[in-house]
Amino acid sequence: MKSAKCSDKSMDINVLVAHRGFQAKYPENTTLSLTKAIELGVLFIELDIQFSLDKLPIIYHDVTLQRVSGKKGSVFEQNRDDLLEIPAYEPERLGDTFIDQTIAPLEELVDILYNNPQVTAFVELKAESIVHCGRDLMIAQVQRILSSVAEQTVLMSFDYELANIAQKSGWPLIGVVLERWSDLTSLAIKTADPDYIFADHQIIPEDDTMRHSPLLQDAILVAYEVGNKALACSLLDRSVDMLETYQLENLLTET
């Protein structure tokens with residue numbers, strides 16, 4: 001994966017991570033969005049996990065239901081069976097086009113990965129659920145569901161302690177999302193020993209010293225919020241390994 005280069009024509013799909021699935025065309029974090037990204041040829045997908053009132057994992061980014069589902073309230077206030085009946089269609093962005101799409105349980109990811117053994121999923125555990133559930137329960141629930149596809153799933157979070165717990169439990173693939181570039185020297189990240197390190201492209205240094213961190217000698221560096229090909233090529237030329245994007249077609253279209 002190291003030293004990927006940017007082609008003058010189409011981007012190498014092997015370095016792209018579909019952020020919340022094929023989010024540019026379909027409602028984020030839905031089974032539809034994830035499968036459509038895979039149909040495009042993507043080998044890496046990313047999705048977000050929150051927890052219901054009864055502390056079961058759902059594929060959802062926000063705590064509140066308004067933006068994605070057009071409803072008042074919080075995912076923490078309803079049991080999962082009730083949440084799974086609620087649309088997940090991003091009405092302000094996409095209108096009623098996908099109103100038939102509903103909130104998905106984490107178990108649906110297992111089916112997707114079974115059917116696509118070539119695909120790896122980055123599963124981001126959202127820090128907002130920590131107060132609601134506690135870290136140990138979050139990790140235990142997610143690992144229980146994903147155990148049969150463990151080799152295809154990277155457990156990751158902005159919360160470094162969640163990554164540590166996943167590491168100590170023996171999960172095969174761990175990721176962290178950096179709050180600050182200087183956190184690469186923190187004990188919490190060193191202890192987590194992540195396989196993947198995600199960073200907003202804006203915090204990644206432009207000079208050649210970025211690879212001096214011992215962690216980056218082995219971990220795969222993924223830049224996110226990458227929306228156009230010029231930026232993508234610039235990051236790859238600066239030794240970023242992979243790119244997380246909402247704009248799959250922008251990066252895959254030949255120039």
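**Strand 6 and its surroundings**

Strand 5 (residues 120-125) pairs with strand 6 in the parallel sense, over four bridges. The model discussed here is predicted, and strand 6 makes a convenient place to start reading it. Across this pairing, Glu-124 stands opposite Met-156 of strand 6. Strand 6 also has a partner in strand 7 (residues 174-177): the two run parallel and are joined by three bridges. One of the residue pairs here links Ser-157 with its bridge partner in strand 7, Val-176. Between strand 6 and strand 7 the chain passes through helix 8 (residues 160-168), giving a β-α-β crossover that is right-handed.

How well covered is strand 6? Strand 6 spans residues 153-157, and five of its five residues are buried. In a regular strand, side chains alternate between the two faces of the sheet. In strand 6, Thr-153, Leu-155 and Ser-157 lie on one side, Val-154 and Met-156 lie on the other, and both faces are covered.

The connecting helix is worth a look of its own. In helix 8, the buried residues are Tyr-160, Leu-162, Ala-163, Asn-164, Ile-165 and Ala-166. These buried residues pack against strand 5, strand 6 and strand 7, and also against helix 6 (129-133), helix 7 (135-146) and helix 9 (187-192). Just after helix 8 comes Gly-170, with a positive phi of about 90 degrees.

Helix 1 (residues 31-39) can be described in a similar way. Its buried residues include Leu-32, Ser-33, Leu-34, Ala-37 and Ile-38. Among the elements covering the buried residues of helix 1 are strand 1 (16-19), strand 2 (44-51), helix 5 (107-115) and helix 12 (248-252). A glycine follows this helix too: Gly-41 comes after helix 1 and has a positive phi, near 110 degrees.

Turning to the nonpolar interior, the largest core holds 69 residues. Within this core, the residues with the most contacts are Ile-45, Leu-109, Leu-146 and Leu-243. Which residues does Leu-109 touch, not counting those up to four places away in sequence? Its contacts are Ile-45, Leu-47, Ile-59, Ala-121, Val-123, Leu-146 and Thr-153. Thr-153 brings the account back to strand 6, where this residue is buried on one side together with Leu-155 and Ser-157. Apart from the largest core lies another core, of 13 residues, including Phe-44, Val-154, Tyr-196 and Met-242. Val-154, for its part, is buried on the other side of strand 6, along with Met-156.

Terms used. Residues numbered from 1 in each chain as written. Predicted model: local features only at pLDDT ≥ 70, side-chain atom pairs only at ≥ 80, totals over all residues. Heavy atoms only, no water. Core = buried A, V, L, I, M, F, W, Y, C linked by side-chain atoms within 4.5 Å. Buried < 20%, exposed > 50% of the residue type's maximum accessible area, 1.4 Å probe, protein only. Contact = heavy atoms within 4.5 Å. Pairing = 2+ DSSP bridges. Right-handed = clockwise from strand over helix to strand, strands pointing away.
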